[in-house]
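Student: I am new to this structure and would like a close look at a single part of it. Please start from one residue and work outwards.

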Amino acid sequence: MYSQFFGNYLLNEKLLTSEELLYALQRLKSKQAKLGALAVHFGYMTAEQVEEIYIAQTHEDKMFGDIALERNYLTKEQIQELISFQKPTYLTLGEVLIEEGLLTAEEFESALEKYKSTYSINDIDFKNEYKADHDSLIYQFYDSINPTENIFTMHYISLLITNIIRFIGKDFTPQEPVIYEEFNSETGSRQNIIGARHAFTAVDASREAFIQFARRYSGLEMTELDEYTKASVGDFLNLHNGLFAVNMSNEQSLELTLEAPEFLTNYHYRLHKSIFCIPIQFSFGIINFLFVDYES
Amino acid sequence: MSINEMKILICDDSILARKQLKDLLIALGCKQIVEVSDGQSAVETYKTYNPDLVFLDIVMPVKDGITAVTEILTFDSHAIVIMASSVGTQSHLKEALKAGAYDFIQKPLQKEQVKRIVMTVLKGGM
């Protein structure tokens with residue numbers, strides 16, 4: 001996950017333009033193998049078992065390797081072996097940037113070292129990308145949201161980044177969060193979380209980025225803003241919020257339920273509460289994730 | 001009753017979820033499938049279509065799955081209603097089962113789960 005934030009660092013340091021980063025992210029997608037694909041390639045798992053784990057990940061927030069271990073599909077040693085073959089995204093990103101002449105090897109190395117020292121990341125963490133370290137990085141990146149006072153929001157954002165990686169792809173970089181009092185949404189889906197704590201959640205994008213996001217999530221060919229694209233984005237929101245509800249029940253004993261997602265165009269949000277906007281830059285455009293904790 | 005005579009009602013507000021289930025049912029040989037997108041339409045359609053099996057989503061606009069299953073079972077206490085649950089709907093699911101839903105399956109639906117249900121209804125085992 002560090003690599004996605006590292007992309008943002010390269011932009012802020014003006015080492016890349018956003019066009020160059022987007023191009024590199026697009027190339028990145030075709031260069032990366034998922035753990036499941038590697039497990040099949042090595043003959044450790046069948047395609048059916050991999051599919052079963054992908055489905056299990058839509059029911060609980062767990063890593064592929066952890067579920068494979070629980071179900072005795074992989075041993076700890078096999079997981080380590082597969083991870084060692086799965087080159088970390090930041091290295092693949094570096095390769096692309098160097099191959100394309102966007103950065104020299106020295107510039108990449110120096111930027112990486114500066115990034116690691118700025119965010120106090122050591123080498124081992126950077127390779128293994130532990131969950132605890134994800135959270136600490138996310139808290140640092142989103143410090144303008146005031147993480148210690150907005151734990152509920154931070155749990156939401158942390159899971160959101162994980163779910164984007166799991167269900168959409170790794171080729172994105174988060175942009176600085178923005179706090180709005182009002183928000184104009186061009187094309188979007190929204191869903192309310194109710195129960196022990198109330199929150200508002202939404203996805204907003206340009207029409208084109210909305211369609212591309214829907215296409216990524218569903219894996220289906222989608223070119224128009226129709227019932228299928230609307231359902232796909234609504235389904236992603238519903239899945240992410242559902243997993244958030246399960247985590248909140250398990251970790252915080254908060255029982256949350258969800259209302260049905262709703263599609264909206266050219267909608268003006270004014271919720272009498274600050275709206276946290278989490279913009280994510282994908283290779284196909286920007287998707288804004290909106291979150292309001294009514295009880296903060 | 002043969003599989004191509006079985007009347008099935010699918011109710012889900014997501015057109016993608018309906019399509020996924022419909023494709024699985026067609027692959028099993030089902031031919032008589034009607035789709036609706038909210039709980040209110042599910043209740044109304046049940047009364048006129050008289051299906052042998054209903055797949056009902058839980059979180060839906062207009063009328064949710066809990067209210068819909070309760071109304072369907074009030075109209076026909078022998079109705080076979082399977083709740084299709086998304087992640088995060090566990091508390092609703094308990095209510096639905098308490099209200100008389102026969103069983104539940106978790107989304108995304110898998111062919112084997114759907115097949116098991118269709119075969120059980122065919123054998124009159126429910």
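Tutor: The model is predicted, and a good place to begin is Tyr142(A). Leaving out residues up to four places away in sequence, Tyr142(A) touches Phe5(A), Pro147(A), Met154(A), Ile157(A), Ile161(A), Pro174(A), Gln175(A), Pro177(A), Ile278(A) and Ile280(A). A second core, separate from the largest one, has 23 residues, among them Met60(B), Ala68(B), Val69(B) and Leu93(B).

The largest nonpolar core is where Tyr142(A) belongs: this core has 74 residues, and Tyr142(A), Phe6(A) and Phe289(A) are those with the most contacts inside it. Both domain 1 (2-141) and domain 2 (155-293) of chain A give residues to this core, so the core lies between them.

That leads to the two domains themselves. Chain A is divided into domain 1, residues 2-141, and domain 2, residues 155-293. Their C-alpha centres lie 22 Å apart. Where the domains meet, 24 residues of domain 1 of chain A are in contact with 23 residues of domain 2 of chain A. The size of an interface is often given as the accessible area lost when the parts come together. Between domain 1 and domain 2 of chain A, the buried area is about 2100 Å², and carbon and sulfur atoms give 56% of it. On the domain 1 side, Gln4(A), Asp61(A) and Phe141(A) supply 28% of the area buried against domain 2, more than any other three residues.

Two helices of chain A can be picked out next. Helix H7 of chain A covers residues 89-99, and its buried residues are Thr89(A), Tyr90(A), Thr92(A), Leu93(A), Gly94(A), Val96(A) and Leu97(A). Gly101(A), just after H7(A), takes a positive phi of about 70°. Helix H13 of chain A spans residues 227-252 and contains Asn238(A). Asn238(A) counts as buried because its relative accessibility is 14%, and the cut-off for buried is under 20%. Apart from neighbours within four places in sequence, Asn238(A) is in contact with Gln191(A), Leu258(A), Pro261(A) and also Ser86(B).

Ser86(B) takes us across to the other chain. The contact between the chains takes 23 residues from chain A and 19 residues from chain B. The area buried between them is about 1500 Å², with 69% given by carbon and sulfur atoms. Of the area that chain B buries against chain A, 39% is supplied by Ile15(B), Leu16(B) and Val87(B), more than by any other three residues.

Chain B can then be described as a whole. It has five helices and five strands, which follow the pattern β-α-β-α-β-α-β-α-β-α when read along the sequence. A compact globule of 126 residues would have a radius of gyration near 14 Å, and the 13 Å of chain B agrees with that. Taken along the principal axes, the C-alpha atoms of chain B fill a box of roughly 35 × 30 × 25 Å. Of the 126 residues of chain B, 54% count as buried. Among contacts in chain B with a separation of 6 or more, 64% come from residues 24 or more positions apart. Chain B exposes about 5600 Å², and carbon and sulfur atoms supply 51% of that area.

Terms used
Residues numbered from 1 in each chain as written. Chains lettered and ligands numbered in written order. Predicted model: local features only at pLDDT ≥ 70, side-chain atom pairs only at ≥ 80, totals over all residues. Heavy atoms only, no water. Core = buried A, V, L, I, M, F, W, Y, C linked by side-chain atoms within 4.5 Å. Buried < 20%, exposed > 50% of the residue type's maximum accessible area, 1.4 Å probe, protein only. Domains from an automatic or database assignment. Contact = heavy atoms within 4.5 Å. Helix = DSSP H or I, 4+ residues; strand = E, 2+ residues; numbered from the N terminus. Rg over C-alpha atoms; globule rule 2.2 N^0.38 Å. Areas by Shrake-Rupley, 256 points an atom, 1.4 Å probe, with all protein chains shown as cover. Buried area = accessible area lost by both parts, 1.4 Å probe.
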